[in-house]
Amino acid sequence: MTTTWSACSSELLASPVGHEVSPDAARARLAAGIGEAVSGAPRRAPVEVTRHALAGAAGRPAGIAPHEPFRWKPAFVRRSLGLAAVRACADGRWTAPAAAVAPLAEEAVARWHATGDRTFHWEPWLAGLAPGARAVVLAEATTWATPVWTALPWASLGDGARIGGPDDQWTCPAPRQVRLRGRAEARVAVGGAGGAAEVQVVVLAGRPQGSWREELAFPALVAGLRWPARPVPARVVGLWPEASEVRTADVDTGLLVSTADRVVEVVRSAFVGAAAV
């Protein structure tokens, strides 16, 4: 389902969702497909598949970038600080992310100075930046958070919305370690056909590609694999701020299986590329 940015509202989240689905077929597809993809491949570092890896044009996955030493940069701060701003605005502390980002960053740095606690992990890096560089970080977080805040009526969702939170992870039982990491910016409890259901909200870069339904379904798939005793999220709402587009995908068995196939394609590409080096 595609809608305009201005039409994205609580109705998008609260409209009826489908029946509970099982990830079993997708799990079997992943175990068999990944096992075949890595069979006989040379040993390499563990592979982590994320939502970004499923993106691509003309049916080709973006692939998995080679490992590089980690270095902090503004792009790694904007989501966590931006989500904190959205959460604080939903709680009524501020009326817009533009007002919340700088005070929240100052609070985090001050707490780290006082206690050594790193709520976001980037506090020491941010504290050591020159004023101009810090302004760039705050501007990126504000730019990320503002369209996310305006896209949905967060304040009216109340306790039914969990903004942020840890990523879901699932490791495939294959001869080589392949880990899936699913990320959702928010999880909203809504009424479903069989009772309470979960709708995930995700924020994506650029504009929707041909694989957008699998990209949206990916965090729901990982959540279903990671938490087998819980229902698979019934719907995923995707926000593309740069393109001002909102799309939704209702999760069913067919979509979970096609998403699993996409993951296998990404893993196969990663191991074939390693073998060619």
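This note goes through the nonpolar cores, one helix pair and the cysteines of a predicted model.

1. The largest nonpolar core is made up of 43 residues, and those with the most contacts inside it are L81, V86, L104, W122, W154, V201 and L239. Both helices and strands supply this core: two or more residues come from each of helix 3 (74-90), helix 4 (97-115), helix 6 (131-151) and helix 7 (154-157), and likewise from strand 3 (161-163), strand 6 (186-192), strand 7 (195-203) and strand 8 (235-240).

2. Separate from that set is a second core of 39 residues, and among its members are C172, L221, V236 and V266. As background for reading both cores, nonpolar side chains tend to be buried together in soluble globular proteins.

3. How do helix 2 and helix 8 cross? The axes of helix 2 (residues 24-38) and helix 8 (residues 212-226) come within 10 Å and cross at roughly 95°, and the two helices are therefore roughly perpendicular to each other. On the side of helix 2 the contact is made by A26, R27 and L30, while helix 8 contributes L221, G224 and L225. These contact residues divide into four nonpolar, one polar and one charged. L221 deserves a second look in the structure, since this residue of the helix contact is also included in the second core.

4. How many disulfides does a search of the whole structure find? The search finds zero. Two cysteines can nevertheless be described by their surroundings: C89 is buried, with a relative accessible area of 4%, and C172, which the second core includes, is buried with a relative accessible area of 4%.

Note on methods:
Residues numbered from 1 in each chain as written. Predicted model: local features only at pLDDT ≥ 70, side-chain atom pairs only at ≥ 80, totals over all residues. Heavy atoms only, no water. Axes fitted to C-alpha atoms, helices over the stretch in contact; angles between N-to-C directions. Helix = DSSP H or I, 4+ residues; strand = E, 2+ residues; numbered from the N terminus. Parallel < 35°, antiparallel > 145°, perpendicular 65-115°, else oblique. Contact = heavy atoms within 4.5 Å. Nonpolar A, V, L, I, M, F, W, Y, C, P; charged D, E, K, R; others polar. Disulfide = S-S within 2.5 Å. Buried < 20%, exposed > 50% of the residue type's maximum accessible area, 1.4 Å probe, protein only. Core = buried A, V, L, I, M, F, W, Y, C linked by side-chain atoms within 4.5 Å.
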